[in-house]
Amino acid sequence: MKARNEQRDTEAPAEHYVGWLDRHAISQQRGALKPSAYVARAYNYEKTHGRLPAWARKVDGGKWLFAEAYISEDAALQIETVGISDAAALVGTSRRTIQTWVDEGRLALAGENRQTGESRRVNRAALMRALPELKARLDKSGYHLEGDAPTAMAGGASLPSLRKRLAATQKRRADVFKDVCTAQRAADGQQRAIARSASRIEKLRRQFEARLRDLEKVCSYAKKKQAVESARAQKMTKKAEAIAELEAELRQTIDAESVSQKRLQAQALARRLDEARLPGAPRSADVSRVQRAAKKVSQTPCSTNSEALFDAAVTMAEALSLNVEAGQCDHIDAAIRFYNQATARGIPNDIIVNVTQSHFARD
């Protein structure tokens, strides 16, 4: 069934086939059977082999197509031959009798390439030539039309039997046609289900393509946004690096300026100390102002002249003096360091001035 569905799905419309006949064309073919007979034959083949025969196809819309060569060959066979049932009706006997005569060689079968399952057919011309002899043989033997047992056959008794047999044949044909119609309806229903499934699949495909396009738009927007953010981040990084470089430069400048100011202050302090210690040196206004400030500090009631703080200041000054003697720093740097350390220890200014003059003034 799956193979048949795949075959039907891939078939092209009927008008695209050359050498294939539809139902209408078959009905116009001389000697051909009814289209329903070929449909039933195709279904029987599919039931046995699991696929449709090569001479039959079912295209979109449930339309049947049959190979023109196959139909022409079968139509010629129908014209040249006659079935067992039809031969029995012509002779006026039973199918069993005709089959017996075929087996005995009295009647020649047509179609040497008959496949398994195909009904046997008698050559029509041979049957018509042998018909008088067969009827005479039948009358002489007294065989009844409906059976193989010999019975007395009255004149005209074959007509009711023929009518009865015709009615049975018509009933069988009606049953076959009913089965064919049932199979056709089932096939049409299956075809409609396939068409509905194909419609749903196409709808889902369109929805998927629409969602895929939306996703591509979102991805494109995200890529553009990412590129903008990346450029902005790079710009901010460069700006931060520039600011950091500027800060470093400013910090170096400030540090250099601070060291320079401290060095200048220390040099000024050293000069004042030198001027203060030089005998007979002229006392400038700055020296006088320093001495007045020192005297004022020493006379301030809040000044602390405890021996502990003085000893601590002397200890720090002596340690820095050793560094000066070792050449690790000069008097100015030593005086600046002493001033910073003494201030951090909370030593009063009068002690700082006295110890600075006694240890870091140039001789």
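**Exercise 1. The two sides of α4**

In this predicted model, state which residues of α4 are exposed and which are buried, and check the length of the helix against its expected span.

Solution.
- Step 1: A69, E73 and E80 are the exposed residues on one side of α4.
- Step 2: On the other side, I71, D74, A75 and Q78 are buried. The arc they cover around the axis is only 105 degrees, which places them on the same side of α4.
- Step 3: α4 has 13 residues, and at 1.5 Å a residue these should span 18 Å; the end C-alpha atoms lie 18 Å apart, so the two values agree.

**Exercise 2. The sheet that α4 packs on**

Give the strand order of the open sheet that contains β1, β2 and β3, and place the helices that pack on the sheet.

Solution.
- Step 1: The order of the 3 strands is β1-β3-β2, and the pairing is antiparallel.
- Step 2: β1 (20–21) and β2 (56–59) are the edge strands, each paired on one side only.
- Step 3: Between β2 and β3 (residues 63–67) there are 4 bridges. A56 stands opposite F66 of β3.
- Step 4: Helix α3 (residues 35–49) touches β2 and β3, and its direction makes about 85 degrees with that of β3. Helix α4 (residues 68–80) touches β1 and β3, at about 70 degrees to the direction of β3.

**Exercise 3. The largest nonpolar core**

Which members of the largest nonpolar core touch the most other members, and which elements give two or more residues to this core?

Solution.
- Step 1: The core has 19 residues; I26, V39, W55, A56, W64, F66 and I71 touch the most other members.
- Step 2: Two or more residues come from each of β1, α3, β2, β3 and α8 (158–277). The largest share, 5 residues, is that of α3.
- Step 3: Leaving aside residues up to four places away in sequence, W55 touches W20, Y38, R41, A42, L65, F66, A67 and Y70.
- Step 4: Another core, of 16 residues, lies apart from the largest one and includes V314, A317, V324 and A335.

**Exercise 4. The sheet of β4, β5 and β6**

Find the edge strands of this sheet and the helix that packs on the sheet.

Solution.
- Step 1: This open sheet of 3 strands runs β4-β6-β5 with antiparallel pairing.
- Step 2: β4 (81–83) and β5 (109–110) each have a single partner strand, so one side of each has no neighbour in the sheet.
- Step 3: β5 is joined to β6 (residues 121–123) by 2 bridges, and R121 is the bridge partner of A110.
- Step 4: Helix α5 (residues 84–91) packs on the sheet and touches β4 and β6, with its direction at about 90 degrees to that of β4.

Notes:
Residues numbered from 1 in each chain as written. Predicted model: local features only at pLDDT ≥ 70, side-chain atom pairs only at ≥ 80, totals over all residues. Heavy atoms only, no water. Pairing = 2+ DSSP bridges. Contact = heavy atoms within 4.5 Å. Axes fitted to C-alpha atoms, helices over the stretch in contact; angles between N-to-C directions. Expected span 1.5 Å × (residues − 1). Buried < 20%, exposed > 50% of the residue type's maximum accessible area, 1.4 Å probe, protein only. Arc of directions from axis to C-beta. Core = buried A, V, L, I, M, F, W, Y, C linked by side-chain atoms within 4.5 Å.
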